[in-house]
Amino acid sequence: MRDTPLSNCERRFLLKAIEEKKRLDGRQTYDYRNIKISFGTDYGCCIVELGRTRVLGQVSCELVPPKDSRPTEGIMFFNLELSPMASPAFEPNRQSELLVMLNRQLERCLRNSKCIDTESLCVVSGEKVWQIRVDVHVLNHDGNLMDAASIAAISALSHFRRPDVAIQGRDITVFSPEERDPIPLSIYHMPICVSFAFFLQGSYLLVDPCEREERVKDGLLVIAMNKHREICSIQSSGGIMLLKDQVLRCSKIASVKVSEITELINKALENDRKIRKEGGKFGFAESMPKERITTLKRDEAPVEMTDVKETANEIVNRTETPTEAVSSPVLVAMGTAQVGEGIVNSWGLDEDEEDEPQTEDTKTGSVDCEHTIYLKSTKPCKQK
Amino acid sequence: MDTVHACFEEKIGEVLLPGDVFSFRLPESGDGSIKTGPGLRRNGEEVQVYKSGILRHKQPNMYWIDSQQRRVRVLDSHHVIGIVTAKSGDIFKVDVGGSEQASLSYLAFEGATKRNRPNVQVGDLVYGQFTIANKDMEPKLVCIDSCGRANGMGVFGADGLLFKLSLGLMRRLLAPQSEIAKDLEKIFPFELVVGMNGRVWSCENMTSQQRQTLFKRVAEGSL
């Protein structure tokens with residue numbers, strides 16, 4: 001399937017808006033969209049929502065023989081997939097440029113930065129090591145997949161627990177989660193990617209571009225950093241020329257953003273840990289808001305009552321006194337009385353003129369005797 | 001009095017569910033025919049409802065069900081906004097939001113001849129009308145009406161923004177006495193093009209001064 005093409009007028013509009021420092025969703029130049037991190041029931045499963053972009057990260061482990069060149073180190077394997085449900089432009093089994101770029105950036109960000117201690121993953125040197133596999137699936141594409149994918153990957157790795165092992169000589173016993181508590185991975189630091197999109201030959205930049213903005217961008221700069229202000233990787237694509245101070249400015253902005261995001265991840269991990277310890281319910285089903293309308297339950301809304309008396313008195317003094325209402329009923333016919341004036345009747349059927357002497361009749365000439373309504377005294381009086 | 005209309009009249013403005021049935025008998029005079037719109041289906045002597053919604057009526061004898069749906073159903077002679085994606089030989093390929101791209105011949109513009117080609121580039125917006133729009137054939141757009149006049153159709157949109165709307169809102173905008181359009185007119189002058197495929201293009205010619213004052217008013221909530 002093809003994605004909706006971007007029309008020329010949209011492109012012009014977006015670029016003109018960027019020149020005036022305005023974005024389509026009302027954000028400022030350096031603002032991120034709302035980030036929401038939720039964990040699943042299994043350890044190592046995490047969904048990150050960056051605005052409308054949704055990414056799922058899943059970590060799993062397996063005991064395998066190590067690589068020959070590194071017999072004492074565990075193996076890390078990263079895989080990112082663009083699901084066709086994310087965007088009509090993604091087709092299954094197609095190696096697009098975007099996919100290759102995202103995979104390589106994710107690998108560089110997590111593997112080369114040595115954020116995970118691979119030596120601790122060794123079980124029996126030269127024979128058995130843990131292979132940690134991180135799978136990232138893109139569920140919805142609304143721009144800035146790289147950031148969301150890196151947040152999902154590092155949150156899933158921090159959340160993951162691997163089974164405990166005991167070694168006796170050459171025998172390895174792997175304990176199930178029921179026998180012994182699983183152990184978290186040893187993570188040194190959390191590298192997070194921050195994307196900067198450049199427009200109009202590098203004169204304007206935006207942080208966290210959404211999908212429309214990504215389509216009109218000239219170039220992209222991705223900086224992977226951790227909260228200790230260490231740059232893990234920088235990648236610039238699109239072939240635009242950047243000045244030195246532009247890159248330095250971006251790295252300063254990135255450090256601020258990364259510290260905010262790291263705090264968010266830690267808070268989410270802490271919440272999840274607390275809920276699991278207390279025995280409460282955890283998982284995706286709990287983190288999605290339930291949209292229910294119940295008629296029996298009503299939320300009590302607090303109402304500000306401090307100056308109600310004064311405001312009410314003011315209103316009463318200001319308004320004119322209402323006209324005297326006629327209160328005595330007028331007897332129209334046997335068993336029928338009328339209080340006050342009636343309004344135009346909106347019923348479709350013709351009615352007998354007797355019943356409504358005050359109100360105008362909708363069809364004056366075509367009263368059909370078969371459709372007359374007679375009001376009997378047992379029925380309640382018509383009151384308007 | 002027509003028993004046909006009586007049955008329907010009771011239910012105008014009421015919510016109907018699929019499966020509701022009206023039975024009618026065509027009167028002998030012959031002018032008691034009914035036109036059924038979307039949501040109603042004739043089944044022999046009966047008219048069945050197959051979509052849930054509110055029954056609407058338009059004089060003299062048109063009835064249809066007003067329902068909410070997200071899938072755009074475009075028929076012949078619907079006006080839509082399309083984006084030109086490719087120029088190949090004599091025709092333009094236009095994306096109208098469907099699974100197939102529509103074809104628009106370059107001769108289907110007002111005043112276009114073989115020598116005098118219209119000035120249409122890839123990525124331009126066109127407002128056109130369908131001549132073929134069924135599920136078995138490639139859809140075909142034209143930008144002239146049956147007399148050969150443009151009638152508002154053609155390439156447009158040098159400025160402004162194209163965005164998508166829900167179908168219900170789009171129908172309310174296109175209604176003859178649309179209150180939404182009237183309210184918007186009072187606030188600021190603008191041009192609006194509404195396509196039946198849920199796309200809307202809008203443009204306003206205001207100086208940035210006027211725009212700033214308008215934003216201030218909106219921020220104060222005085223609108």
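**Exercise 1. Find how many helices and strands chain A has in this predicted model.**

Step 1: know what to count. Helices (H or I, at least four residues) and strands (E, at least two) are DSSP runs, numbered from the N terminus.
Step 2: count them. You get seven helices and 16 strands in chain A.

A quick word on the ground rules: residues are numbered from 1 along each chain as its sequence is written, and chains are lettered from A in the order in which they are written. Local features need pLDDT of at least 70, side-chain atom pairs count only at pLDDT 80 or more, totals for chains, interfaces and linings use all residues, and side-chain values use heavy atoms, with hydrogens and water left out.

**Exercise 2. Work out what share of chain A is buried.**

Step 1: buried means under 20% relative accessible area (1.4 Å probe, protein chains only).
Step 2: apply that to the 384 residues of chain A, and 40% count as buried.

**Exercise 3. Put the strands of the open sheet in chain B in order.**

Step 1: two strands pair if DSSP finds at least two bridges between them.
Step 2: follow the pairs, and the order comes out as β14-β16-β15 (chain B), with antiparallel pairing.
Step 3: spot the edges. β14 (161–164) and β15 (191–194) of chain B each pair on one side only.
Step 4: zoom in on one pair. β14(B) joins β16 (residues 199–203) of chain B over four bridges, and Lys164(B) has Arg199(B) as its bridge partner in β16(B).

How values were computed. Buried means under 20% relative accessible area, exposed over 50%, partly exposed in between (1.4 Å probe, protein chains only).
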